[in-house]
Structures are given as C-alpha cells and as structure tokens.
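Student: Could you take me closely through one part of this model, the buried interior and the residues that line it? I would like a connected account rather than a list.

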Amino acid sequence: MDRRFFLALLLSAVVIGVTPWIFPSPKPVPTGSAPRVDSSVAPQLQTTPAQSVAAPQATGTAAVPAAAVMQAAAPATSPAISDTLFVQTPKLEYGFSAQGATPVSIAVKTYSNQLKPKEYVTLNSGGVPLLRYRLISGRDTIRLDQTVFTSSRGKAQDGAEIVQFRGDAGGGAVTITYTIDTAGYSSKVSGTVTGATEPAFLLIDLPSTLPSAESDSAQDLSHLAYAFKPSNDNASSIGFGKLDPGESKLERGPLTWAAVKNKYFVLGILEAKGQTAFSEVLFVGGTRNSKIATHGSATLVQQVKSGAFGFDLYAGPQEWKQLIATGRDFDHVNPYGWSFMRGLVQPVAALVIQSLLWMHQVLKLSYGWVLVIFGVAIRIILWPLNQKAMRSQLKMQEMQPRLQEVQKKYANNPDKQREEIMKVYRESGSSPLAPLAGCLPLLIPMPVFFALFFVFQNTIEFRGVPFLWLTDISVKDPFYILPLLMGISMFLLSWVGMRNSPPNPQAKMMGYVFPVMMTVMLANLASGLNLYYTAQNFAAIPQQWLIARERGKQKAAK
C-alpha cells in the first residue's frame with residue numbers, strides 16, 4: 001500500500017464523518033413529551049399574493065381560485081369510534097369515518113409496532129382524519145370534511161372491497177367510492193359531484209404527521225417528510241424540519257403523486273389512470289414543541305372535470321417490490337443521496353437493493369448473512385482490477401529510485417527532466433497515468449458503500465432482522481462489537497498491505513489512526529453497514545497478503 005490508498009480511504013472517511021455533522025441525529029424525545037396534534041393549526045393553508053395557485057397552462061386546466069389557498073381550514077373534529085366503519089383485508093385494516101367520507105386510520109397488519117409489540121403499525125394523524133377533502137366550486141369552498149355521509153359496502157367481481165359514501169354538500173350530491181385491493185396496500189378513490197360550478201377543484205389535505213412505531217422513535221420522527229413527483233421531473237422530498245413554522249412552499253404541477261412518510265411507512269396520493277394530473281401541492285411548516293419537527297401540512301389540488309375526480313391511495317410499508325409494482329416512479333418516494341449525489345447514488349442504491357433481495361430469495365438466508373456474502377462478492381468481483389492496480393503500484397515502487405535520480409540530475413533543466421522521466425516510463429512499460437489508475441479500484445467500491453449508507457436509512461426489509469447477537473441490523477450495535485471488529489479488520493488490512501514495503505512513516509501512522517477514525521465514525525450507524533464493511537475488509541486481506549509476498553520476493557531478488 002502507498003499513500004494513494006490512504007488518500008482514497010481518507011477522502012471516504014471525510015465524507016462519512018462529515019455526514020452525521022451536517023445531518024445530525026436529533027436527541028431522543030423524552031417519554032411523554034411528544035407534541036400532540038393541534039387540530040386548530042393543521043393545516044394552515046396560507047400563502048403570499050405572489051404565490052397564486054395556478055395550474056400550468058400546458059395542462060389545459062383553469063386557474064385555481066385564490067380562495068383555495070387563502071382560506072384557513074377550520075378545526076376538524078375527531079369522529080367517534082362508534083361511527084367508524086372498519087374494513088379488513090389480509091394486509092390492512094381501514095377505519096372510515098362517515099364524517100368527511102375519509103379514512104381516519106389504516107393499520108398495517110403485516111408489521112408489528114416495535115414500541116407496542118402486540119399492536120400493528122397504524123397510520124393515523126393524531127386525532128384528525130388521515131385525509132380531508134374540500135371542494136372549490138366557483139367562488140365557494142365546500143367543506144366535505146364537515147359533511148356527514150351515509151355509507152354502504154359491497155364487493156366487486158374481482159373480490160375487491162367497495163365502500164361508498166353519499167351525501168349532500170353545497171346544494172349538490174357528492175359520492176366518494178373506495179375500491180380496496182384485498183391483495184395489496186392500494187385502493188382506488190373515485191368521486192362525483194353534481195351542481196358544481198366550473199371551474200371546480202378538489203383539495204386533499206394529507207396527514208399532518210405519522211406516529212412512530214420504532215424502538216428508536218427519535219430517529220424515526222426525524223425522517224418525517226413530504227415527497228412529490230412532478231410529471232416531467234425527478235421526485236423530491238421536503239423534510240418536516242426543512243420548513244419553519246408557518247413557512248409555505250408551493251410546487252406547481254402537473255404532479256404524478258404526493259406522499260407523507262416516516263422512516264419505513266408511507267401514505268401516498270397517486271394520479272389514477274384516466275384522471276387529470278394534480279395541479280399543484282402546497283406545503284406549510286407546522287408548529288414545533290421540541291427540537292424535532294413532527295408536524296406539517298400539505299394540500300394537493302386536482303381539477304374536477306365534468307363533475308368527476310379520482311386518484312389512487314397507497315398506505316403501507318416502503319417495500320421496494322411493492323413500490324415498484326405501484327408504478328409511476330413511486331419507488332422514488334424515498335430519494336437516496338443528497339441532491340448533488342442523487343444521480344450517482346440513486347441507480348446504485350436501486351441495484352444494491354435488487355441484488356440483496358434476489359440473494360435473500362435465492363439463497364434462503366437471513367439478510368445478515370446476505371450482507372456478509374455481498375461484501376465478499378464485491379471483493380471477488382473487483383479482485384482482477386485490484387490485482388492489476390497493486391501490480392502497477394509495485395512497478396511504480398521499482399521506478400521510484402530512477403525517477404528520483406532523474407529529478408535530482410535535471411533539477412535545473414525542466415524540459416530535459418520531463419523528457420528523461422517519460423523515457424523511464426517507456427522503458428518500464430508504464431504510463432504517467434498509472435498512479436491515477438491505481439486509485440480507481442480503491443474508489444469503485446465507494447458508491448456501493450454510500451448507497452448502502454442511504455439504503456439502511458429507510459429499507460424496511462432490514463427492519464427487525466436479527467443476526468447472531470444483534471436484534472436488529474437496521475440500528476446500531478448496542479454492544480459496539482461490530483464497529484470494533486470493523487476497526488480491527490481495517491488495521492489488519494493496512495498492516496498486511498504495508499509488509500515488505502519501503503519505509504514510510506506517514507503510511508505507518510495512517511495505518512494506526514485511520515482504523516480508529518472509521519470505528520468512531522461508524523459506531524452509531526446501522527450494524528448491517530458495519531457488517532458489510534467488516535466482511536469486505538476480511539475478504540481483501542488474502543489479496544493484500546499475496547501482493548505483499550510478491551513484493552518480498554522482488555525485494556529478495558534485488
């Protein structure tokens with residue numbers, strides 16, 4: 001190993017180390033002090049005159065009246081349990097309210113609540129319905145969330161559950177129908193309005209929060225965010241903490257979907273086939289009673305055409321296969337990487353997730369062993385490239401005495417010095433770019449490592465997965481055994497790599513300091529990430545030993 005290796009590792013450590021400082025994990029919220037939803041301020045749909053809500057002309061839709069965003073929402077009442085209509089599917093339990101014709105809660109029956117293991121993970125908005133509807137008809141705002149509907153149930157020919165609500169609002173009849181897929185996490189929502197004055201718009205208020213169901217609730221709450229997907233652009237995410245209380249952010253359409261999510265679960269409103277795209281979405285920062293922003297508001301706008309509206313609803317886990325099957329790029333609801341790295345990290349992260357899921361399915365092993373095999377496989381795949389780079393480094397070490405001699409001899413004649421240096425490279429069968437090429441194999445695994453760093457932030461497939469003494473590979477090792485093993489493996493890798501190398505005090509110092517730095521930086525990250533890195537380090541030791549032995553033979557021959 002030479003200084004290029006340590007430079008590559010140092011740059012990687014800087015990126016990894018700076019990340020927690022730029023995006024620090026919030027301190028845990030003391031038990032019992034979590035802020036409650038204040039229904040009087042969620043949502044507060046206000047904007048400045050410059051932020052007039054108007055759909056892009058390209059969509060052919062009319063401008064949204066100013067009343068659509070200037071009128072604040074009145075306090076919403078929480079429906080009584082006795083008025084809640086429950087619909088069971090194998091994966092979900094919907095709770096509907098006749099007031100507002102909307103779901104008030106959705107329980108995900110396929111996942112248990114880590115805070116309350118005997119309960120399901122439940123998506124609710126803390127005392128108010130999950131969704132709230134308002135209708136803009138001409139200059140009037142019709143509060144569908146304050147309208148009491150009558151409900152009926154039925155079944156479709158394909159076995160889907162149908163829940164229909166009928167009511168009178170604003171002098172016209174309103175019908176809202178939910179067609180629930182019993183095999184998945186999706187449902188179709190359709191509605192009709194009679195007597196609406198054109199242009200008419202449906203305003204959909206998304207949940208103002210999602211409750212935590214994780215053992216590390218502070219980390220889970222720090223992932224609360226709204227996400228949206230423009231029809232002709234990449235998906236974006238706005239964390240609750242990115243908006244100051246009362247601060248508004250308007251995203252113009254056409255939009256394919258908008259969603260609210262925490263670390264592992266998501267509720268999304270998606271454009272339905274045959275329906276108009278969403279005109280825009282308005283985000284507003286919520287009140288804060290702690291350092292963690294746990295509340296916000298988002299209102300999605302869809303034009304009502306010929307008295308009809310509709311959309312698809314997804315409520316459930318951020319399972320990669322489920323999100324892919326949903327289509328409409330909904331798998332990008334959790335964008336990986338920062339904005340400046342997303343173009344590189346997002347495709348690598350998708351490939352990494354797909355590979356891990358495939359290995360888990362084919363090998364029938366737990367994800368812990370899959371990560372170990374994956375780390376070893378990456379080293380095996382890169383073995384030829386690493387071998388070539390290491391031999392290039394050996395050749396460079398052989399050339400160093402001649403290069404130093406030329407530099408010293410022609411120190412006062414730069415042109416002659418360059419000519420003689422090129423001559424040394426030609427005679428050695430090497431290139432001046434060889435040092436740069438030697439760093440390439442050391443940097444290639446870095447995108448995979450960064451991708452895993454982001455994958456472990458939200459990949460529900462790793463949630464609660466045990467491995468050996470670990471109860472959950474998606475959180476840090478409570479005993480810090482894996483970070484220590486990772487540091488030891490990195491030290492051994494450095495020590496083996498420096499055997500039979502020319503004396504280099506700087507490299508020797510880094511061989512001691514760098515493992516300590518990486519151990520401290522990765523100590524509080526997901527234990528699965530430490531597991532992968534540890535497996536990769538141990539898998540690289542045999543190759544370093546072979547190169548060190550080859551270096552020793554050359555040294556003995558001389």
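Tutor: In this predicted model, a good place to begin is I204, which, leaving aside its neighbours within four places in sequence, is in contact with L131, R132, Y133, I269, F278, A298, T299, L300 and F311. Two of these partners, Y133 and I269, are named together with I204 as the residues with the most contacts inside the largest nonpolar core, which has 72 residues. A second core, separate from that one, has 46 residues and includes I353, F449, F467 and L531.

Another buried residue to examine is F330, placed in the loop between α4 (320–326) and α5 (342–363). F330 counts as buried because its relative accessible area is 0%, under the 20% cut-off. Beyond its neighbours within four places in sequence, F330 is in contact with W257, A259, V266, G268, L270, Y314 and L323; of these, Y314 lies 16 residues away in sequence, with a C-alpha to C-alpha separation of 9.7 Å.

V266, a contact of F330, is also among the contacts of K261, a residue of strand β14 (residues 248–261). K261 is a charged residue that is buried yet has no salt bridge, the nearest side chain of opposite charge being that of D220, 9.6 Å away. The side chain of K261 does, however, make a polar contact of 3.5 Å with the side chain of N334. Again leaving aside neighbours within four places in sequence, the surroundings of K261 comprise contacts with L210, H223, L224, A225, A227, S237, V266, Q318, V333, N334 and N458.

Terms used:
Residues are numbered from 1 along each chain as its sequence is written. This is a predicted model: local features need pLDDT of at least 70, side-chain atom pairs count only at pLDDT 80 or more; totals for chains, interfaces and linings use all residues. Side-chain values use heavy atoms; hydrogens and water are left out. Helices (H or I, at least four residues) and strands (E, at least two) are DSSP runs, numbered from the N terminus. Buried means under 20% relative accessible area, exposed over 50%, partly exposed in between (1.4 Å probe, protein chains only). Lys and Arg count as positive and Asp and Glu as negative; His and the chain ends are not counted. A salt bridge is a side-chain nitrogen of Lys or Arg within 4 Å of a carboxyl oxygen of Asp or Glu. A polar contact is a pair of N or O atoms within 3.5 Å; within protein, one must be able to donate a hydrogen and the other to accept it, and residues adjacent in sequence count only if both atoms are side-chain atoms. Contact means heavy atoms within 4.5 Å. A nonpolar core is a set of buried Ala, Val, Leu, Ile, Met, Phe, Trp, Tyr and Cys residues joined through side-chain atoms within 4.5 Å.
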